[in-house]
Amino acid sequence: MQPPDTHADLLERPVFAHYATVRADGAPQVNPMWFLWDPAGGVIRMTHTKARHNYRNVLREPRVAVSITDPDDGYRYLGIRGVVERIDDDPTGSFYEILEQRYDGTVGDVPDRANRVVLVIRPTHYRTE
């Protein structure tokens, strides 16, 4: 499933995504996250560690939501519902380094590299405003 052409730029720009998972008690948990859109695969990739609640949340419930607001127009956004279809180990932290370069323009040490994973999210629905 491809995003609407009118809002594809929000996936291509290095802006923050608000990533929502479902906690064990059923409550939502939302965190700002770096991401990379893979247009060929039609998936969003994020980095995380195995030590965080969001990681444990998606192991139990793979349905997630992502919201991306246009920093130039706060009323324009892309909402995404999806499923974490795969979690890949990233013990070198190489995907974190890709995102660090994209967002900060630098690459530094990844001290938690041994616990790093890449979340691969398959969008199932888009909403735009």
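**Entry 1: Asn-31**

I began with Asn-31, which is partly exposed because its relative accessible area is 26%. The model I am reading is predicted. I located Asn-31 in strand 2. Next I looked up its contacts beyond four places in sequence. Asn-31 touches Ala-17, His-18, Tyr-19 and Asn-54. One of these I followed further: the side chains of Asn-31 and Asn-54 are joined by a polar contact of 2.7 Å. I also took a distance from C-alpha to C-alpha. Asn-31 and Ala-20 lie 6.6 Å apart in space, with their positions eleven residues apart in sequence.

**Entry 2: Thr-21**

I turned to Thr-21, in strand 1. Is Thr-21 buried or exposed? Its relative accessibility is 1%, so Thr-21 counts as buried; the cut-off for buried is under 20%. I then asked which side chains Thr-21 reaches with its own side chain through polar contacts. I found one polar contact with the side chain of Asn-54, at 2.6 Å. I found another with the side chain of Asn-57, at 2.9 Å. I listed the wider contacts too, setting aside residues up to four places away in sequence. Thr-21 touches Ala-27, Pro-28, Gln-29, Asn-54, Asn-57, Val-58 and Val-64. Asn-54 had now come up twice: it has a polar contact with Asn-31 and with Thr-21. That sent me to its helix.

**Entry 3: helix 2**

I checked which residues of helix 2 are buried. They are Asn-54, Tyr-55, Asn-57 and Val-58. I looked down the axis of helix 2 and saw these buried residues fall within an arc of 160°, so they line one face of the helix. What does that face pack against? I noted strand 1, strand 2, strand 4, strand 5 (63–70), strand 6 (73–89) and strand 7 as the packing partners of the buried residues of helix 2.

**Entry 4: the largest pocket**

I looked up the largest pocket next. Its volume is about 200 Å³. The elements giving two or more residues to its lining are strand 2, strand 4 and helix 2, which spans residues 53–60. Which element gives the most to the lining? Strand 2 does, with four residues. I counted 13 lining residues in the record of the pocket, and those nearest its centre are Pro-32, Met-33, Trp-34, Thr-47 and Arg-52. I also sorted the lining by character: five residues are nonpolar, six are polar and two are charged.

**Entry 5: helix 3**

I moved on to helix 3, residues 94–104. Its buried residues are Phe-95, Tyr-96, Leu-99, Glu-100 and Tyr-103. Seen down the axis of helix 3, they fall within an arc of 140°, so they line one face of the helix. I traced what they pack against: strand 3 (36–38), strand 4 (43–49) and strand 7 (116–128). Just after helix 3 I came to Gly-105, which takes a positive phi of about 75°.

**Entry 6: Glu-100**

I stayed with helix 3 for Glu-100. Where does its accessibility put it, buried or exposed? Glu-100 is buried, because its relative accessible area is 11%. I looked up what Glu-100 touches, not counting residues up to four places away in sequence: Trp-34, Gly-105, Thr-106, Val-107 and Gly-108. Two of those names were already in my notes. Trp-34 lies among the residues nearest the centre of the largest pocket, and Gly-105 has the positive phi. I took one distance as well. Glu-100 and Val-110 are ten residues apart in sequence, and 9.9 Å separates their C-alpha atoms.

**Entry 7: Gly-26**

I went back to the loop between strand 1 (17–22) and strand 2 (28–33), where Gly-26 sits. Gly-26 counts as partly exposed because its relative accessibility is 49%; the cut-off for exposed is over 50%. I then checked a C-alpha distance. Gly-26 and Val-66 are 40 residues apart along the chain, with 17 Å between their C-alpha atoms.

**Entry 8: Glu-129**

I finished in the segment after strand 7, at Glu-129. Which residues is Glu-129 in contact with, leaving aside neighbours within four places in sequence? I noted His-7, Tyr-75, Arg-76 and Tyr-77. I looked at Thr-6 too. Glu-129 and Thr-6 are 123 residues apart along the chain, and their C-alpha atoms are separated by 9.8 Å.

Notes:
Residues are numbered from 1 along each chain as its sequence is written. This is a predicted model: local features need pLDDT of at least 70, side-chain atom pairs count only at pLDDT 80 or more; totals for chains, interfaces and linings use all residues. Side-chain values use heavy atoms; hydrogens and water are left out. Buried means under 20% relative accessible area, exposed over 50%, partly exposed in between (1.4 Å probe, protein chains only). A polar contact is a pair of N or O atoms within 3.5 Å; within protein, one must be able to donate a hydrogen and the other to accept it, and residues adjacent in sequence count only if both atoms are side-chain atoms. Contact means heavy atoms within 4.5 Å. The arc is that of the directions from the helix axis to the C-beta atoms. On a 1 Å grid over the protein atoms alone, a cavity is a set of points where a 1.4 Å probe fits but cannot get out, and a pocket is an open set with protein on both sides within 12 Å along at least five of seven lines; lining residues have an atom within 4 Å of a point. Grid points are joined across faces, edges and corners, and a volume is the space filled by probe spheres set on the points. Ala, Val, Leu, Ile, Met, Phe, Trp, Tyr, Cys and Pro count as nonpolar, Asp, Glu, Lys and Arg as charged, and the others, Gly among them, as polar.
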